[in-house]
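Here is a friendly walk through one protein model, taken a few places at a time. Please keep the sequence and the 3D view open as you read.

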Amino acid sequence: TAQIYALLLAATGRIGFSVVLSISMAALVVFVSNAKVDALQEPLVFSDLFLSRQLIRYPRLYFPFVSGSSWWRTALVGGILVLGFALDHAQSARFRLDALLALLLISLMMLPLARYLRLQLEPIPDQVRLGFFASFYAGLLNGLRPATAQQLQHALQHGPFAVPPSADMVDDEARPDVILIQSESFFDARRLGPEVNPDLLQHFDRARREAISYGDLSVPAFGANTMRTEFAVLSGLATTAQGYACYYPYAFVRHPVPSLAGWYLNQGYQTCFVHPYHADFFGRDRVMSCLQFQQFVDIKAFSAEDRQGPYIGDRAVTARIKTQLEQAEAVGEPAFVMAVTMENHGPLHLEQVSPNESSRYHAFGEGGRLNDLAAYLRHLANADAMIGDLLEYLQRRSRPSVVCFYGDHVPALPDLFARLGKPQSVTDYFIWHSKAATGSHRRNLNACELGAALVQASASSSSL
């Protein structure tokens with residue numbers, strides 16, 4: 001707060017205005033952090049500053065979570081600040097220069113925080129231990145150090161996908177196509193209680209019965225921050241190995257690095273990333289090539305007719321996966337296709353729910369914020385249909401295929417979870433082979449272990 005005050009004082013020369021504005025900005029940060037805790041079980045962390053550009057470009061994903069009363073309060077404070085700026089008397093240029101020098105002095109004095117205030121990288125415990133502003137500032141100073149990017153780079157160069165595949169795998173003509181699907185907000189919602197329709201996920205249940213492996217998936221995200229789970233799967237790195245980059249790892253990937261996609265590329269696979277949203281979201285347009293995807297299919301490949309609600313539907317993504325597989329087959333090459341779906345992305349409370357629609361999916365009741373749950377389960381049913389459609393298609397093909405399907409995080413349903421209790425950061429996964437008659441094997445995994453499990457399944461399937 002002292003730094004903000006000195007900066008404002010140097011910029012405006014207005015003492016009273018700078019005091020009020022610096023306090024207001026600090027209060028706003030705390031307010032936003034508390035709102036984030038309510039929705040996502042996580043306070044503001046330093047890497048959220050890197051996402052500020054997304055806040056402006058894609059406001060629908062952020063601003064609807066702020067209540068109407070909060071907007072009125074913000075407008076009122078804004079009006080007071082404008083009036084205060086006009087009435088406050090500006091100090092001399094010499095005074096403003098002194099304020100700037102004070103800012104530099106305060107900043108230099110706080111730099112040692114990076115050395116002495118080391119975070120455990122568990123946001124709530126860190127802020128309980130150090131306080132909000134100290135932990136935020138310590139995270140920022142440490143996160144911006146070159147050592148943070150170097151640590152991540154080193155971990156990737158020594159990660160599970162840094163070792164090239166063996167020669168016999170490269171020469172094997174029976175290599176299966178590999179499809180990796182990260183389903184937005186997917187988890188077995190029947191865990192919420194018997195009120196959820198037990199027949200909601202019939203295709204998912206069938207896939208688990210036929211799967212090589214299935215089980216719970218521990219993920220490093222809750223309600224949002226899809227990219228954390230995505231990166232854990234593609235990199236094979238646990239949160240601790242990522243260091244201060246763990247909150248927003250894509251911000252620190254600047255050069256080509258070993259990855260799950262690179263492992264398959266080195267085997268002669270075509271590698272394609274499908275995400276039916278804007279390519280620059282989370283910086284994927286830059287990062288995916290560094291993770292060795294040859295092709296990136298984004299929202300431009302889809303049309304308005306492909307929407308299911310506000311986003312591109314899972315059915316359209318399934319059709320695109322089929323297209324990618326057929327294009328690779330036409331040139332005699334196997335394909336590694338990773339699809340990150342978007343249909344079940346929030347904010348769910350903006351979606352329309354028809355009268356009595358909730359009763360098709362759950363028995364918790366009707367109306368209010370329970371409509372959020374109905375909208376979520378409607379899209380979850382479409383994700384289940386995606387599983388059935390894709391598996392039936394793959395069973396008809398002559399080339400064998402391996403499918404790994406998983407959820408990136410549980411959905412953001414704060415009102416429902418306040419009523420039922422917060423679930424763990426655990427979703428579900430399965431690994432399925434189109435030609436295998438193997439019985440299902442339950443094996444709970446961490447997200448960073450899933451890619452290696454998929455490699456093992458696709459490698460062993462070559463001998464089937």
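## A residue in a short strand

In which strand is the place of Ile 312? Ile 312 belongs to strand β6, residues 311-312; helices (H or I, at least four residues) and strands (E, at least two) are DSSP runs, numbered from the N terminus. This is a predicted model, in which local features need pLDDT of at least 70 and side-chain atom pairs count only at pLDDT 80 or more, while totals for chains, interfaces and linings use all residues. Residues are numbered from 1 along each chain as its sequence is written, and side-chain values use heavy atoms, with hydrogens and water left out.

Ile 312 is buried, with a relative accessible area of 2%. Buried here means under 20% relative accessible area, exposed over 50%, and partly exposed in between (1.4 Å probe, protein chains only). Not counting residues up to four places away in sequence, Ile 312 touches several residues, including Pro 276, Ile 299, Phe 302 and Met 342; contact means heavy atoms within 4.5 Å. Its C-alpha atom is 7.7 Å from that of Tyr 277, and the two residues are 35 residues apart along the chain.

## The sheet and a helix on it

Now to the sheet. Its 8 strands form an open sheet with mixed pairing, in the order β4-β3-β7-β1-β8-β9-β2-β10. At the edges are β4 (295-297) and β10 (445-446), each pairing on one side only; two strands pair if DSSP finds at least two bridges between them.

Strands β3 (residues 270-274) and β7 (residues 335-340) run parallel and are joined by 5 bridges. Opposite Met 338 in β7 stands Phe 273. Helix α16 (residues 314-330) packs on the sheet and touches β1 (177-183), β3, β4 and β7. The direction of α16 makes about 165° with that of β7 (axes are lines fitted to C-alpha atoms, for helices over the stretch in contact, and angles run from 0 to 180 degrees between N-to-C directions).

## A buried aspartate

Asp 408 sits in the loop between β8 (401-407) and α19 (414-420). Asp 408 is buried yet has no salt bridge, that is, no side-chain nitrogen of Lys or Arg within 4 Å of a carboxyl oxygen of Asp or Glu. The nearest side chain of opposite charge, Arg 284, is 7.0 Å away (Lys and Arg count as positive and Asp and Glu as negative; His and the chain ends are not counted).

Among the residues that Asp 408 touches are Gln 182, Phe 186 and Thr 427.
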